[in-house]
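Welcome! Please open the sequence and the 3D view side by side, and try each exercise before reading its solution.

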Amino acid sequence: MPTNVRNSIEKINLDHLLMENLELASHSSIQCGGNAQWAAYPTNFEELRILINHAKDNNLPLSILGGATNTLISDKGVEGLVILTGHLARRHVQGEMFCVRSGCPLDKAISQAIEDGLEGLEMLGGIPGTVGGAIYGNSGANGVQIGDLLYYVDYMTLDGKLHRMQIHQDEFSYRHSPFTGRDDLIIYEAGFRLKPTTQTSEVRKRKDTVKKHRKHKGLYDYPSLGSVFKNPEGKKAAALIDACNLKGHTIGGASVSPSHANIIINREGKATSEDVRALIEYIRAVVQSEFHITLQEEIHYLGRW
Ligand SMILES: Cc1cc2nc3c(=O)[nH]c(=O)nc-3n(C[C@H](O)[C@H](O)[C@H](O)COP(=O)(O)OP(=O)(O)OC[C@H]3O[C@@H](n4cnc5c(N)ncnc54)[C@H](O)[C@@H]3O)c2cc1C
């Protein structure tokens, strides 16, 4: 295709895709943070590529957000272009391989795999966020981490090219994957090697039980980002914070959850990200002084801090 024709098609697509000054707080599970200078929801590979080129051509810093359930967005907003993956959500099955795009909510992907007669992911039921976000931070629960079941990940680099990574489990560890900290790699699709089953109602029941248990623990009662800190080697972050009597401790609108000491909640919906960050620093300082242990965040930060 001649370059000028390609450029004009890309321009039409960009006008249709780009949103200026998009408010992000309502996208975030803790419901705080500022606006994205630019944002877009690509629906396919080609749109993703056009957006990456646009960011590069205009020197716009590029960021990726899935469900924003593990990311604290600065009150000052995010400079450049934020790609929201929520419309990249298709799935298909190849034999025992469940293939799904990165923006699909993880919980929905698990239900779809069960519908497709495949089991293995159900213990991760109820983890909020997307497949891409879960792979980025190797999310896990109930003794299963998402990296345990991955077979391949297709990702895009900033030159708009798509690559396939065959997964070696030893490259995944507690809340860490080959994508963690690599803001130049955009997870596009993942393939999970699952087990065929005819007992789909049993598998569904297992998933529902896991979700119910999470609900009973009060995990979804208030807006939050889930666990804020990683567990230090051989210890539980929640137990350390609890031992410092910090449950309920509040800064501005942000409080340590009364039911889970490693969760910060936006109880009244009035917290700012600055409040959340100040509480994170306070918790870290108290635990450091009591136990001489420096807690490290499990959550990620986005924007101008
Ligand atoms: C109530 C609650 C309970 C939770 N329970 C758990 C739990 O049991 N176990 C657990 O591990 N986590 C848990 N979490 C944390 C969170 O849900 C997971 O980490 C989730 O997998 C994050 O997905 P996300 O799409 O929201 O990621 P985001 O918050 O959107 O992104 C997280 C990071 O991944 C990057 N990213 C996202 N998508 C892509 C992509 N396609 N390509 C490249 N980079 C990408 C982002 O840039 C960011 O750096 C919980 C959170 C909440 C609110």
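**Exercise 1: Around the ligand**

A polar side-chain atom of T130 lies 2.6 Å from an oxygen atom of the ligand. Before going on, a word on the model: it is predicted, so local features need pLDDT of at least 70 and side-chain atom pairs count only at pLDDT 80 or more, while totals for chains, interfaces and linings use all residues. Residues are numbered from 1 along each chain as its sequence is written, and side-chain values use heavy atoms, with hydrogens and water left out.

Task: Find which residues are closest to the ligand, and how much of the ligand the protein buries.

Solution:
- Step 1. The ligand is surrounded by 34 residues (each with a heavy atom within 4 Å of it). I64, G66, T69, T130 and G140 are the closest.
- Step 2. Look at the backbone too: a polar backbone atom of G66 is 2.7 Å from an oxygen atom of the ligand. At G140, a backbone N or O atom lies 2.7 Å from a nitrogen atom of the ligand.
- Step 3. The ligand taken alone exposes 980 Å², and the protein buries 93% of that (Shrake-Rupley method, 1.4 Å probe).
- Step 4. Two or more residues of the shell come from each of β3, α4 (131-136), β9 (140-141), β13 and β15 (224-227). Helices here are DSSP runs of H or I with at least four residues, strands are runs of E with at least two, and both are numbered from the N terminus. The most is given by α4, with four residues.

**Exercise 2: Two residues to compare**

Task: Is S63 buried or exposed, and which side chain makes a polar contact with that of Y41?

Solution:
- Step 1. Locate S63 in strand β3 (residues 62-65). S63 is buried because its relative accessible area is 12%, and buried means under 20% (exposed is over 50%, partly exposed in between; 1.4 Å probe, protein chains only).
- Step 2. Beyond its neighbours within four places in sequence, S63 is in contact (heavy atoms within 4.5 Å) with V78, L81, V82, I83 and L302.
- Step 3. Now move to Y41, in the loop between β2 (35-40) and α2. Y41 has a relative accessible area of 23%, so this residue is partly exposed.
- Step 4. The side chain of Y41 makes a polar contact with the side chain of H27 at 3.1 Å. Within protein, such a contact is a pair of N or O atoms within 3.5 Å, one able to donate a hydrogen and the other to accept it; residues adjacent in sequence count only if both atoms are side-chain atoms.
- Step 5. Y41 and G86 are 45 residues apart in sequence, yet 6.7 Å apart in space, C-alpha to C-alpha.

**Exercise 3: Reading a sheet**

Task: In what order do the strands of the five-stranded open sheet run, and which are its edge strands?

Solution:
- Step 1. The order is β6-β7-β13-β11-β12, with antiparallel pairing (two strands pair if DSSP finds at least two bridges between them).
- Step 2. β6 (91-94) and β12 (162-166) are the edge strands, as each pairs on one side only.
- Step 3. Take one pair: β6 and strand β7 (residues 97-101) run antiparallel and are joined by four bridges. R91 stands opposite V100 in β7.
- Step 4. Helix α2 (residues 45-57) packs on the sheet, where it touches β11 (150-157), β12 and β13 (185-193).

Technical notes. Axes fitted to C-alpha atoms, helices over the stretch in contact; angles between N-to-C directions.
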